[in-house]
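Student: I should be grateful for a close look at a single part of this chain. Please choose one helix and explain how its residues are placed.

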Amino acid sequence: MTDLKPPGGPLTGTPAVSVCVLTKRADFVRASNARRQGTPGIHLQGRKRAEGEAAGIRVGFTCSKKVGNAVARNRAKRRLREVARIVLPEMGLDGWDYVLVGRKDITATLPFDQLIADMRRAMKKVHG
RNA sequence: GCGGAUGGCUGGAUGACUGCGGCAGCAAUGUCGAGGAAAGUCCGGACUCCAAAAAGCACGGUGCCGGGUAACGCCCGGCGGGGGUAACCCCAGGGAAAGCGCCACAGAGAACAGACUACCUGAUUUCGAUCAGGAAAAGGUGAAACGGUGGGGUAAGAGCCCACCGCGCAAGCGGCAACGCAAGCGGCACGGCAAGCCCCACCGGGAGCAAUGCCAAAUAGGGACCUCGCGUCGCAAGACGGGGAUGCUUGAACCCCAGAUGGUCCGGGUUGGCAGCUAGAGGGCGUCUGGCAACAGGCGCCCCAGAUGAAUGGUCAUCCAUUUGUGGGCAACCACAAAGGACAGAAUCCGGCUUAUAGGCCAUCCGCGCAU
RNA sequence: GCGGGCGUUGUGUAAUGGUAAGACCUCAGAUUUCCAAUCUGAUGAUAGGGGUUCGAUUCCCCUCGCCCGCU
């Protein structure tokens, strides 16, 4: 199934908005029906929430069983979490939900700086 | 040195920056944080609930003997059978003279007796054969065919007789036992399958931490049908009576009894938090005692994660082995560069089994070769 | 996590322990001016590995894959 992990604590260079983590299945479903952008390493889904729904940036992580066994899934999730920790403070928009989806083999093995580049490109596409 | 057998260990190391979960703290911060299989869920337990977890039946499991253990289908030791030159390895390994069932095709005949071809004797004969009797060695079939070899014997033959081998029964002896050794007896009979039914012995009540208990929120604390039934004595406690059992029957204690009870069905709801939740038959090291061993016991020291969209990560440097390429060298090897670092991630806990696993290391033993 | 079930040609189904059957599909041929329909023929499977047995789809064990239930 899909997995996610609790808030990332105080982020370095955090902007004024807070970041929290998606835990409800309904939020994941809504995000997947909104804007999406695939890159070699990351599949990104993004959604601008309706007024009064929640505050700040929210982010979720998903690695289905297609990604591999438990070791591969956990590894992909950890790297996605690290990517979000670095990229979201500089590019995330207040009032949006983001869902990062792992891809088979690639998310766990791609060089890390390339993964970050993929994330930045996907963010631009989803916002634009 | 080469080849092999068995048992065991390890599962990259150090550092820097930056993150995550638990605990402590107002905070700064401190401290702890995956495995030998955490896996498969194949067994066994602990623990919780089910009216006791009791008896019988049913059902399921195990299956040489002895021991170990909380327990086991696990482990240790022994026995028997099979394989290997050997070290050593493998075996669901009780009962087929309790009973039932099955043994296709082929073959004369498939389980207990019988006789297709062929053999022998006699009679008949159209000289092809037919009939009566003897016999069970030879042929062919098959996974399996009624002991084997040699000799005697005979009309032909046959354990019909003899020798050796095999087989069965077995006094006695050894061993806790499985079992082993075996005088003697028997002309030989009793085929295989019980991972077919079954018999025997032993074991097992069922469900499972999403168990179970509590708190909060929410909803229609709703509707239909059926069953028991509207008790007696007593001020009361209680007694009598009735009801309540998870495959079936019995069933003490216990619970309920005029309930808005119990059962079935329909409809609604199905979220959040806390406890269970991690220190236990616990692990490691050292040492002593008993034991062939598994293991048991004593002492000392050290160590023990608890998440819940689920923590233990990311990046880099150096070293460590590995592979590839280039250069040098007869070679061992040296230098430089690059790549990738086995299987795999706790979810109530523990003991086993099974399966996956790069590379490396240690010990013991066997065979061959060489040297002494 | 815990508990349960299933696995046979490409698909959905059969098979007392004894040659794996039949249907649809695919291919080829026949029929037809051509197509469809029809007829004939062919290809093709017991999830994998061990064990019991003379002989396993069937009986036993291990592994793999798929499906279902739970508050």
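Tutor: The account below takes up helix H4 and then sets it within chain A. The model is predicted, and the predictor's confidence is a sensible starting point. Among the elements of chain A, H4 has the highest mean pLDDT, 87, whereas strand E1 (residues 19-21) has the lowest, 73. For chain A as a whole the mean is 75, with 81% of the residues at 70 or more. Residues 1-16 call for caution, since their pLDDT stays under 50.

H4 covers residues 112-127. With 16 residues at 1.5 Å each, the helix should span 22 Å, and its end C-alpha atoms lie 23 Å apart, which agrees. Its buried residues are Leu115, Ile116, Asp118, Met119, Ala122, Met123 and Val126. Viewed down the axis of H4, these buried residues fall within an arc of 155°, so they line one face of the helix. On the other side of H4, Asp113, Lys124 and Lys125 are exposed.

What covers the buried residues comes from several elements. Two helices are among them, H2 (70-91) and H3 (106-109). The cover also includes strands E2 (35-38), E3 (42-48) and E5 (96-102).

As for the wider setting, chain A holds four helices and five strands, in the order β-α-β-β-β-α-β-α-α along the sequence. Of its 128 residues, 42% count as buried. Among contacts in chain A with a separation of 6 or more, 76% join residues 24 or more positions apart.

Key. Residues are numbered from 1 along each chain as its sequence is written. Chains are lettered from A and ligands numbered from 1 in the order in which they are written. This is a predicted model: local features need pLDDT of at least 70, side-chain atom pairs count only at pLDDT 80 or more; totals for chains, interfaces and linings use all residues. Side-chain values use heavy atoms; hydrogens and water are left out. The expected span of a helix is 1.5 Å times one less than its number of residues. Buried means under 20% relative accessible area, exposed over 50%, partly exposed in between (1.4 Å probe, protein chains only). The arc is that of the directions from the helix axis to the C-beta atoms. Contact means heavy atoms within 4.5 Å. pLDDT is the predictor's confidence in each residue, from 0 to 100.
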